[in-house]
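Please read these notes with the model open beside you. Each point can be checked by selecting the residues it names.

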Amino acid sequence: MDAVSSRSVGDPSELAALIGDDTDELYDNAPCGNLATLPDGTIVRVNSTLLGWLGHTREELVGRRRFVDLLTVGGQVFHETHLAPLLRMRGEINGIALQRRAADGTRLPVLVTATVRTGADGTPLMVRTTIFDARERRAYEQELLRARRDAEGDRERLRGLVSGLQRSLLPVSLPAPAGMRTAGHYRMASPDEVGGDFYDLFPLSEGRWGFFLGDVCGKGVEAAAVTAAARYTLRAAAVYDPTPEAVLRNLNSVLYQEYRSQAHRHCTVVSGLLTPDGTGWTATIAGGGHPPPLLLRPDGKARHQHTTGGTLIGIIADPRLVSRTLRLDPGDTLVLYSDGLTDAKTGDQRFGSEALEAFAGTLTPTDAPGAVAAFVELLGTFDELDDDVALMAMSVDRPGSAAPPGIAPA
């Protein structure tokens with residue numbers, strides 16, 4: 001409680017005297033500026049508070065200057081085009097931000113409230129104006145703007161780091177085995193957080209090629225570290241034993257070592273081996289808890305290629321892994337994807353694997369670049385994308401078609 005509120009006034013006459021004497025003083029020394037003008041803006045009364053802010057004497061203003069003369073050039077234009085017409089139309093204005101010009105040329109940000117006093121016949125007689133010092137408010141607003149700019153700058157730097165880290169976890173471009181076309185795409189659900197999806201396609205001995213696509217549980221730097229480890233482990237394991245089950249077992253051993261630590265992450269993966277086979281290729285695939293690839297045939301059929309029984313990688317010491325072998329003939333396209341695609345939402349509904357299979361059937365005949373482009377366009381139709389989406393496609397060329405270089409991931 002302040003000194004005034006804590007002190008009691010025992011004599012009613014003393015209180016009445018204080019109230020009566022305070023009227024003129026309150027106007028003249030109020031914590032805000034008070035101003036009265038004629039309808040043409042000529043100043044007829046001004047209080048000491050406003051004079052102190054502006055550095056003028058009463059004689060310099062009363063009867064000599066108009067309200068608009070105390071504004072900056074920009075304020076004068078705004079007054080004539082907006083404020084004065086609004087005041088005439090409504091009879092009052094509230095909380096209008098302006099800048100007043102002091103005697104020394106400095107600018108004073110203020111908030112202006114004004115009302116028009118009229119006669120019995122409605123004729124304007126006087127304009128009473130209250131002016132509030134907005135310097136502290138302006139300083140606060142500028143500080144907020146600076147903080148916002150700094151935050152936006154930090155966010156852009158963060159996004160740049162996240163984007164760079166995400167690119168480092170993906171191949172710069174996908175090579176294309178002889179007689180095949182390839183394409184890849186990565187869609188981040190949020191530009192502020194690195195995801196855990198990954199994929200790759202790489203040559204092995206005897207004309208064979210290894211490939212994989214996976215998804216590490218979680219997001220952020222820790223998930224990115226596991227993503228990098230998984231990618232390089234899979235590539236290294238394929239050099240020693242390229243069979244997909246052996247590659248996944250090797251990765252499982254690496255991830256399971258950290259099972260009881262806070263840094264532990266598991267993942268889902270599809271690993272595969274391409275072997276040239278006459279006019280086409282044989283693809284052997286093994287799945288570790290990952291959505292099955294889609295095989296698009298040129299006759300209009302599109303089916304998931306399930307690897308039944310595959311368990312998550314990194315969860316148990318000895319996972320059950322099963323592989324299957326597919327024949328990829330000319331015109332066939334194999335598409336691998338992460339579950340961010342099937343988990344995407346339209347309204348309250350998940351897209352789902354059945355809808356994905358039906359959509360893929362509308363694309364045939366196609367090739368790897370065409371399939372990936374169609375899936376990318378599909379991503380743009382969803383209302384909500386909660387998780388990152390990785391796509392990789394490989395197609396066998398038809399006779400007479402020239403295979404271009406692999407498509408770099410977007």
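**Notes on the predicted model**

1. Strand E6 (residues 180–187) and E17 are joined by 8 bridges and run antiparallel. One pair to look up is Tyr 186, whose bridge partner in E17 is Ala 390. This is a predicted model, and the points below should be read with that in mind.

2. E17 also pairs with strand E14 (residues 333–337); these two run antiparallel and are joined by 5 bridges. Here Val 335 has Ala 393 as its bridge partner in E17.

3. Is strand E17 enclosed or open? Strand E17 covers residues 389–396, and 8 of its 8 residues are buried, so the strand is largely enclosed by the rest of the structure. A residue counts as buried when its relative accessible area is under 20%. Val 389, Leu 391, Ala 393 and Ser 395 point one way from E17, while Ala 390, Met 392, Met 394 and Val 396 point the other way. The residues on both sides are buried.

4. For the protein as a whole, 41% of the 410 residues count as buried. The protein has 10 helices and 17 strands. Among contacts with a separation of 6 or more, 63% are between residues 24 or more positions apart. The exposed area is about 21,100 Å², of which carbon and sulfur atoms supply 53%.

5. Next, the largest pocket. Its space comes to about 400 Å³. The lining has 22 residues, and those closest to the pocket centre are Pro 39, His 79, Ala 84, Leu 87 and Val 127. Two or more lining residues come from each of H5, strand E4 (107–118) and strand E5 (124–133).

6. Which element gives the most to this lining? H5 does, with 6 residues. By type, the lining of the largest pocket divides into 13 nonpolar, 5 polar and 4 charged residues.

7. Gln 76 belongs to helix H5, which spans residues 73–90. Is Gln 76 buried, partly exposed or exposed? Its relative accessible area is 25%, so Gln 76 is partly exposed. That class lies between the cut-offs of under 20% for buried and over 50% for exposed.

8. Leaving aside residues up to four places away in sequence, Gln 76 touches Val 68, Asp 69, Leu 71 and Arg 101. How far apart are Gln 76 and Gln 99 in space? The distance is 9.4 Å from C-alpha to C-alpha, with their positions 23 residues apart in sequence numbering.

Conventions. Residues are numbered from 1 along each chain as its sequence is written. This is a predicted model: local features need pLDDT of at least 70, side-chain atom pairs count only at pLDDT 80 or more; totals for chains, interfaces and linings use all residues. Side-chain values use heavy atoms; hydrogens and water are left out. Helices (H or I, at least four residues) and strands (E, at least two) are DSSP runs, numbered from the N terminus. Buried means under 20% relative accessible area, exposed over 50%, partly exposed in between (1.4 Å probe, protein chains only). Contact means heavy atoms within 4.5 Å. Accessible areas come from the Shrake-Rupley method with a 1.4 Å probe; for residues, only the protein chains shown count as cover. Two strands pair if DSSP finds at least two bridges between them. On a 1 Å grid over the protein atoms alone, a cavity is a set of points where a 1.4 Å probe fits but cannot get out, and a pocket is an open set with protein on both sides within 12 Å along at least five of seven lines; lining residues have an atom within 4 Å of a point. Grid points are joined across faces, edges and corners, and a volume is the space filled by probe spheres set on the points. Ala, Val, Leu, Ile, Met, Phe, Trp, Tyr, Cys and Pro count as nonpolar, Asp, Glu, Lys and Arg as charged, and the others, Gly among them, as polar.
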